[in-house]
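Dear colleague,

I am handing over the structure we spoke about, with the sequence alongside. Please look through it first, and then read the notes below.

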Amino acid sequence: MGINMVSMLRKLLFVCACLALAPFLRAGGYEIAGVVDVSTNDTTLLISYTDKKIPHFEYYGKKLNSPGDFIGKGGMTPPEMGEENPLYSGRGGKNFLEPALAVVHSDGDLNTELLFEGAEKSVSKDGNVQTTVVKLKDTKHDFFVNLIFTAYMKENVISERAVIVNGQKGAVELQKFASSYISLRGREYYLTHINGAWANEANVSEDRLTRGMTTIQSRKLVRTTLSENPSFMLSLNAPLSEKSGEVVAGALVWNGNYKLDFEFDEFSNLNIISGIMPVNYALGAGEKFETPEFVFTYSSEGAGKATRNMHDWARNYGVYAGNKQRPILLNCWEGVHFDIKEDVMFEIIDDAADIGAEMFVMDDGWFGTKFPRNDEFAGLGDWAVNPRKLPRGIAPLAEHAASKGMRFGIWIEPEMVNPKSELAQAHPDWIVGAKGREKPLIRNQWLLDLSNPEVQDFVFGVFDSILKSSDKISYIKWDANRHLEQVGSAYLPADRQERFYIDYVRGLNEVYRRIREKYPDIIIQACSSGGGRVDYASLKYADEAWGSDNTSALSRIFIQYGESLIYPVKAIGAHVARSPRRNVATSMKFRSDVAMMGRFGIEMRPKNLTKEEREDLKRAVSTYKSIRDVVCDGDMYRLVSPFKDPNYAATMFVSKDKRRAVAFIFCVNENENTDRPYFKLDGLDPNKKYKVSEINADRPICMQNGKTLSGEYLMNRGVGPRFMYGLSSCVVELTAVE
Ligand code: GLA
């Protein structure tokens with residue numbers, strides 16, 4: 001057969017195929033009329049719309065250079081099967097899956113069918129942030145949704161949020177209003193997320209999803225992330241692995257009740273629906289509802305790259321002052337608890353300065369006059385200095401710290417109140433709870449009603465008046481030690497009580513916003529019984545979160561590992577504390593090596609240290625100063641997961657130019673040790689030579705200490721610490737020599 005014959009046959013086959021396909025497509029599938037491309041440098045998110053303007057979440061994955069290929073070749077869903085891969089589905093219409101949006105329209109209609117109306121793009125001045133607004137409108141009502149996709153080009157992170165507008169003459173009731181709807185196409189899905197409890201935060205668990213619905217959620221309103229974090233990593237077709245495989249990682253930017261649904265549907269798609277925990281929310285004529293944003297990234301190189309993308313985005317956009325260096329602080333909580341006294345504070349400030357700390361933080365116990373805060377039973381809410389403890393107030397302490405070259409910080413918990421307080425007596429109507437019911441206590445305290453603007457002013461005033469008491473205060477630890485159980489607001493009308501779940505959070509964030517407007521340079525720590533506010537909504541205003549009240553170094557290896565999947569380590573407070581702690585005795589070296597993998601700090605009364613411990617701590621502080629930029633602003637590579645390996649944990653950080661790196665390796669069992677594992681490093685330049693130096697050690701145990709080796713060697717052979725006993729550690733610094 002001649003070439004012409006072959007090509008003619010091919011053409012014929014093509015025509016036949018088209019003919020066969022066309023009626024089928026018209027019968028039930030869809031023809032893609034156009035696409036909206038929301039790409040970053042290495043990823044593409046593609047929205048498609050049909051000739052009938054039905055929008056779909058068409059693709060999310062590796063960067064595509066010719067998204068136009070999608071046009072014309074639509075899905076082939078049989079007509080009776082509803083729409084697959086919706087973009088942002090309303091309840092009803094042709095949708096039977098979990099919707100993104102559920103509305104009761106002004107005429108009682110329960111259906112919403114959003115059609116594509118157009119898209120608009122804008123670009124930031126530096127070109128790195130590209131915003132795409134996708135406009136949707138219901139087929140029947142004047143009801144609009146704008147989906148706003150923001151693409152962070154070099155970080156390869158995208159955020160999605162919705163602005164819902166009621167253009168009808170009457171009010172509608174929103175019953176669900178997701179931030180995002182992401183529809184992935186795979187065969188199997190593995191969900192990794194972090195969860196736990198007080199002092200046991202951020203356990204990493206992975207489950208293979210079964211068909212149907214899996215949900216991560218919190219109804220606690222406050223300290224939501226002690227139990228479940230609104231973030232995840234989703235691995236497609238294989239269990240999560242560090243260096244390979246397709247991974248989508250995401251986090252909801254909301255510090256209240258939330259719901260992340262993972263619906264493995266009958267078409268084998270995985271629909272990820274994120275948003276505020278639904279409540280009934282009336283939206284009046286002409287009103288709009290803005291959802292929080294959901295941030296996410298795609299990696300075709302496993303979990304490690306997904307983490308690095310999130311960390312880059314967080315430092316550049318997600319965390320307050322994310323690119324600033326964090327000071328090394330000493331917090332006195334575990335040193336003295338509520339037993340604050342001026343002379344003791346002076347003593348600790350002196351010691352902190354001697355050890356090399358850059359900031360001193362006075363914790364709980366400094367306030368309350370009529371009801372002194374001597375324990376957790378009284379005084380919360382009364383933010384006046386206790387003159388019996390600090391007769392000259394806060395200013396002399398802050399000035400003393402400044403005279404020693406240090407900054408000063410202080411603890412507050414302004415959203416809360418003890419029943420035994422002047423505040424509770426003066427403003428019973430400010431306390432959250434329902435009339436006629438006994439209000440339950442947690443840690444002997446109640447929650448203040450931040451949906452009430454008067455309470456917002458009060459909370460702002462607490463912050464403001466403390467900062468006015470001395471211009472030397474530069475850090476506030478903002479605590480929140482209970483969550484919500486009984487609900488009820490004396491401020492909100494009876495038919496708007498459900499709004500409390502949203503208005504509390506909006507009220508809190510409004511206070512944060514006002515604070516940031518007035519105090520842009522104050523460092524804020526979001527603490528909430530430890531790691532209860534490790535979320536990107538809190539971190540939008542706070543420079544850091546407190547990782548956990550559990551300061552046992554062994555536990556912290558796990559907790560910090562879990563939190564760092566999604567959140568950058570510079571935004572997680574990690575402190576060296578006393579030992580034994582929770583019955584596990586660890587050396588000062590081990591404790592400080594663990595704390596060095598975060599925003600390093602100290603939590604103790606240094607007077608209680610032995611001479612050797614104090615010297616070791618001093619060494620750790622000066623070591624951290626020399627590697628802080630690499631740990632905090634470098635790329636993180638996880639080498640060994642403590643959740644997977646019973647004996648070891650290892651993580652390393654590499655500077656962006658790959659000239660410096662630090663690897664932290666821990667033996668996490670308690671046995672005498674005789675095995676001699678090697679740890680392959682990662683993220684280095686294979687062609688560079690690195691000087692290997694073990695740091696923060698009296699007697700180095702790394703076999704390669706002092707050698708100059710290629711990145712290739714270090715990443716393929718690795719380094720071998722000779723651990724002699726359990727609960728020991730080895731920190732290796734690598735410096736490029738050429
Ligand atoms: C919470 C915090 C601790 C400490 C105490 C003070 O538990 O997480 O760090 O500040 O409150 O009461």
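A polar contact here is a pair of N or O atoms within 3.5 Å, and within protein one of the two must be able to donate a hydrogen and the other to accept it. Please keep in mind that this is a predicted model.

With that cut-off in hand, let me begin with arginine 373, which is found in the loop between strand S22 (359-362) and helix H5 (395-403). The side chain of arginine 373 is joined to that of aspartate 364 by a polar contact of 2.8 Å. Arginine 373 has a relative accessible area of 0%, and since buried means under 20%, arginine 373 counts as buried.

Aspartate 364 leads on to the ligand, since Asp364 is also among the residues that come nearest to the ligand, together with Asp363, Lys477, Asp479 and Asp549, out of 13 residues around the ligand. By character, this shell divides into six charged, four nonpolar and three polar residues. For lysine 477, a polar side-chain atom lies 2.7 Å from an oxygen atom of the ligand, and for asparagine 481 the corresponding distance from a polar side-chain atom to a ligand oxygen atom is 3.3 Å. Glycine 530 approaches through its backbone, where an N or O atom lies 3.1 Å from an oxygen atom of the ligand. On its own the ligand has 300 Å² of accessible area, and the protein covers 96% of that.

Elsewhere in the chain, three strands form an open sheet in the order S1-S2-S3, with antiparallel pairing. Strand S1 (32-39) and strand S3 (55-62) are the edge strands, each of them pairing on one side only. On average, and with direction ignored, neighbouring strands of this sheet are turned by 20 degrees against each other. Between strand S2 (residues 43-50) and S3, which run antiparallel, there are seven bridges, and if you wish to trace one of the partners in S3, threonine 43 has lysine 62 as its bridge partner.

Finally, there is helix H9 (residues 553-563), in which nine of the 11 residues are buried, so that this helix is largely enclosed by the rest of the structure. The buried residues of H9 are Ala553, Leu554, Arg556, Ile557, Ile559, Gln560, Tyr561, Gly562 and Glu563, and you will see that Arg556 and Glu563 are on that list.

With best wishes

Key. Residues are numbered from 1 along each chain as its sequence is written. This is a predicted model: local features need pLDDT of at least 70, side-chain atom pairs count only at pLDDT 80 or more; totals for chains, interfaces and linings use all residues. Side-chain values use heavy atoms; hydrogens and water are left out. A residue is near a molecule or strand if one of its heavy atoms lies within 4 Å of it. Accessible areas come from the Shrake-Rupley method with a 1.4 Å probe; for residues, only the protein chains shown count as cover. Ala, Val, Leu, Ile, Met, Phe, Trp, Tyr, Cys and Pro count as nonpolar, Asp, Glu, Lys and Arg as charged, and the others, Gly among them, as polar. Two strands pair if DSSP finds at least two bridges between them. Helices (H or I, at least four residues) and strands (E, at least two) are DSSP runs, numbered from the N terminus. Axes are lines fitted to C-alpha atoms, for helices over the stretch in contact, and angles run from 0 to 180 degrees between N-to-C directions. Buried means under 20% relative accessible area, exposed over 50%, partly exposed in between (1.4 Å probe, protein chains only).
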